[in-house]
Every structure is written in structure tokens, then in C-alpha cells.
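Please find below my notes on the model under review. They are set out as numbered points, to be read alongside the sequence and the coordinates.

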Amino acid sequence: MILVNTTYHIHTSLVPTFEQWMHSQLIPAANRSGIVTEPQLMKILADVAPECSSYAMHVKAMNMDHAEKWEDMSAVIRAELSHTCGDKALWFTTYMEII
């Protein structure tokens, strides 16, 4: 089982937009995908930078093939976030094996 973690750093002025987008776009897409399960959005409590809020979204995939397919699918969906937020929204994805 693979845990796909995408960490987001969002300018505080865009937090309501980001949270609404996650709950209306990315999380429903994960639920509909058929290749990942258990999407969870978490707020990271550590301060990373001034005027920045950080979040992590986890999904579970059966194998790396499914994890990489989800990453490709979610990249298309995140293009909307990039268009809306520009350089005030940054993210990176990490794959982790559940042992």
C-alpha cells in the first residue's frame, strides 16, 4: 500500500479559496477515481513562512502504478489551482510505503 502525500503551501489571503477548491474539486475527484482511497485533508500546524498556511492531503493507492496515475490525474486538476492562485500556491508530492 502506498500513501501519496501532497503538501501545499498557500498564501493566507487564498486559504478560503484553497479549502473550498479542495472540498469541491480534488477530494471528490479522489473519491471518484477508483485508483485511490481515503482522501484526507489536514492543516499543518507548524509555521513554514510568514503569511503562509500549510496543508497535507493524503490518499492511499494499492501500488506505485496507481499512485503515479493519481498524481497524473491530480496534476490536471491542480492546473486550475495554479491558474487561480499563481505563485501564491506551491506544492510537492511524496510517495510513502505503508509498512
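1. A nonpolar patch lies on the surface of this predicted model. Met1, Met62 and Ile98 form the patch, and together they have about 300 Å² of accessible area.

2. Within this patch, Met1 belongs to the segment before β1 (2-11). Its relative accessible area is 41%, so Met1 is classed as partly exposed rather than exposed, a term that calls for over 50%.

3. The strands form an open sheet of four, in the order β2-β3-β1-β4, and the pairing is antiparallel. At the edges stand β2 (36-44) and β4 (89-97); because each has a single partner strand, one side of each lacks a neighbour in the sheet. On average, neighbouring strands of the sheet are turned by 15° against each other, with direction ignored.

4. The pairing of β1 with β4 can be described in further detail. These two strands run antiparallel and are joined by nine bridges. Opposite His9 stands Leu90, a residue of β4.

5. How many disulfides does the structure hold? The number is zero. Cys52 takes part in no disulfide, and the nearest cysteine sulfur to its own is that of Cys85, 12 Å away. For Cys85, likewise, the closest cysteine sulfur is in Cys52; a disulfide requires the two sulfur atoms to be within 2.5 Å, so 12 Å is too far for a bond.

6. Are these cysteines buried or exposed? Cys52 has a relative accessibility of 18% and therefore counts as buried, the limit being under 20%. Cys85 is also buried, with a relative accessible area of 6%.

Notes: Residues are numbered from 1 along each chain as its sequence is written. This is a predicted model: local features need pLDDT of at least 70, side-chain atom pairs count only at pLDDT 80 or more; totals for chains, interfaces and linings use all residues. Side-chain values use heavy atoms; hydrogens and water are left out. Buried means under 20% relative accessible area, exposed over 50%, partly exposed in between (1.4 Å probe, protein chains only). Patches are made of residues with over 30% relative accessible area and no salt bridge: like charges are joined within 9 Å, nonpolar side chains (Val, Leu, Ile, Met, Phe, Trp, Tyr) within 5 Å. Accessible areas come from the Shrake-Rupley method with a 1.4 Å probe; for residues, only the protein chains shown count as cover. A salt bridge is a side-chain nitrogen of Lys or Arg within 4 Å of a carboxyl oxygen of Asp or Glu. Two strands pair if DSSP finds at least two bridges between them. Axes are lines fitted to C-alpha atoms, for helices over the stretch in contact, and angles run from 0 to 180 degrees between N-to-C directions.
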